[in-house]
Amino acid sequence: MSAPVIQGWCPGALRPMTSGDGLVVRVRPRGGRLTPEQAAGIAALSLCHGNGLIDLSSRANVQLRGVTEAGHRLLIEGLSALGLIDESTEAESRRNIVVTPFWTDGDGIQAIVRSLAAALAGPDAPETPGKFGYAVDCGAAPVLSSVSADIRIERGPDGGLLVRPDSAATGARATPGTVTDLALDLARWFLDTGGAPAGRGRMAAHLARGAVLPPVFTEASAIRSGAPVDPGPGPVAQGVLVAFEFGQMRAETLSMLAEIGPLRVTPWRMILIEGAGAIPGSVGLITDSDSPLLRIVACTGAPGCPQALIATRPLARRLSGSLPPGERLHVSGCAKGCAHPGAAPLTLVGRPDGTVDLIRGGTATDAPARAGLDPETLNFHTLTETAHAS
């Protein structure tokens, strides 16, 4: 199988990424929240300068697709007027923050996010790799344990703040006044101790190679993570969660949601409509928590992604019709596995000849249990038979 090109960075607004359908422009909502004006503005800009398709990323960002080279400058001007653009490409790349969507006014979470974002925009902020990120997960219980991040701000067993390196069982005790400094100190330690050779690297891999944490980050135990949080659409204390097929919506859908209230973008590729009391009825929304489409992850695939070797979403959509309750499937256009970097019970990966490999209990980069399967004849019954026979 031909190796996919690893970019080592994620698209932004100021630094978009070329895809098969034009430029992908990633907008990073401040604090994970869009005001109605911002959401409506993004929808209008998507229709004007893109192809009207909007993706939700696994890091709680919004991606406009199909943006033209000629329209990119005007798009940035529009996003800047909405308060959604950073001062520089470098500041944008560093502001890689995922925040629990279940915050409430007065709980201090948004204050931590603002402090961290301001520090990351400073001239002395650590120049971490493009995929390096922070999770502000200090609600009553952690909900972002399965979300990609390198530095985690959580609650310790005593209820106090904790700054924890990803994959570590300990962290540094913090207060609202020290949490940002500790997070940036940890990022600088990561860089100073060789965590990002050639400008790439992640915290968990650095610790796995034997890097020894400073004593301050070993002084307090973290809360043991239970099962990963995997919410479905429906009412929550802060409003209503709605989902979308493969995390993608039309601009018109975002415009409709903006009329209801402020929107919180979640890392589960769902939108939390702040303060909503009922699930809106609209084309393009998944509101049934039992929908099998919520248990299938599929990247953009061909032809939208130039590296994809198969059309992923038609295959995923067809297989969803026979997906048994509780089963999960990842369909990846290539071995990068962008849509779901972690392990999945079943993963299908496209091959250059248009067939797919089957991986059981692994990631898209793992060795397949079966290779060269015909996607046209696959159904979930034969798929699980194939998996178990391996």
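Is T180 buried or exposed? In this predicted model, T180 counts as buried because its relative accessibility is 8%, under the 20% limit that defines the class. T180 belongs to helix α5, which covers residues 179-192. Apart from neighbours within four places in sequence, the contacts of T180 are I112, S115, L116 and A119.

These contacts of T180 recur in the packing of two helices. Two packed helices are described by the angle between their axes and the distance between the axes. For helix α4 (residues 109-120) and α5, the angle is about 45° and the axes are 9 Å apart. The pair α4 and α5 is therefore oblique, and the crossing is right-handed. On the α4 side the contact involves I112, S115, L116, A119 and L120, which meet V179, T180, A183 and L184 of α5. By class, the residues of this contact between α4 and α5 are seven nonpolar and two polar, with no charged residue.

Helix α1 (residues 36-49) packs against helix α7 (residues 251-258) at an angle of about 160°, and their axes lie 8 Å apart. An angle over 145 degrees counts as roughly antiparallel, and α1 and α7 are therefore roughly antiparallel to each other. The crossing of α1 past α7 is left-handed. From α1, the residues P36, A39, A40, I42, A43, S46 and L47 take part in the contact, and from α7, A251, E252, L254, S255 and A258. Nine of the residues in the contact of α1 with α7 are nonpolar, two are polar and one is charged.

Helix α1 also packs against helix α2. The axes of α1 and α2 cross at roughly 170° and come within 10 Å, and the two helices are therefore roughly antiparallel. Here I42, L45 and H49 of α1 meet G71, L74, L75, G78 and L79 of α2. The contact of α1 with α2 has five nonpolar and three polar residues, and no charged ones. I42 is listed in the contact of α1 with α7 and also in that of α1 with α2.

Strands of a sheet pair through backbone hydrogen bonds, either parallel or antiparallel. One open sheet consists of five strands in the order β1-β2-β5-β4-β14, with antiparallel pairing. Its edges are formed by β1 (17-19) and β14 (248-250), each of which pairs on one side only. On average, and with direction ignored, neighbouring strands of this sheet are turned by 30° against each other. Within the sheet, four bridges join strand β2 (residues 22-27) to strand β5 (residues 62-67) in the antiparallel sense, and V27 is placed opposite V62 of β5. Helix α2 (residues 69-81) packs on this sheet and touches β2 and β5, with its direction at about 15° to that of β2. Helix α7 packs on the sheet as well, touching β4 (53-56) and β14, and its direction makes about 80° with that of β14.

A further open sheet of five strands has the order β3-β15-β16-β13-β12, and its pairing is antiparallel. The edge strands, each paired on one side only, are β3 (33-34) and β12 (234-236). Strand β12 pairs with strand β13 (residues 239-243) over three bridges in the antiparallel sense, and G234 stands opposite L241 of β13. Helix α7 lies across β13, β15 (263-265) and β16 (270-274), and runs at about 130° to β15. Helix α7 is thus in contact with strands β4 and β14 of one sheet and with β13, β15 and β16 of the other.

Strand β9 (residues 161-165) is mostly covered, with five of its five residues buried. In a regular strand the side chains alternate between the two faces of the sheet. In β9, L161, V163 and P165 point one way and L162 and R164 the other way, and all are buried. Strand β9 pairs with strand β8 (residues 151-155) over five bridges in the antiparallel sense, and I153 has V163 as its bridge partner in β9. The hairpin of β8 and β9 has five residues between the strands, and G159 in this hairpin takes a positive phi near 90°. Strand β9 is also joined to strand β10 (residues 170-174) by three bridges, and these two strands run antiparallel. The bridge partner of V163 in β10 is A172. Four residues lie between β9 and β10 in their hairpin, where S167 in the turn has a positive phi of about 80°.

Note on methods:
Residues numbered from 1 in each chain as written. Predicted model: local features only at pLDDT ≥ 70, side-chain atom pairs only at ≥ 80, totals over all residues. Heavy atoms only, no water. Axes fitted to C-alpha atoms, helices over the stretch in contact; angles between N-to-C directions. Parallel < 35°, antiparallel > 145°, perpendicular 65-115°, else oblique. Left-handed = near helix turned anticlockwise from the far one by under 90°. Contact = heavy atoms within 4.5 Å. Nonpolar A, V, L, I, M, F, W, Y, C, P; charged D, E, K, R; others polar. Pairing = 2+ DSSP bridges. Buried < 20%, exposed > 50% of the residue type's maximum accessible area, 1.4 Å probe, protein only.
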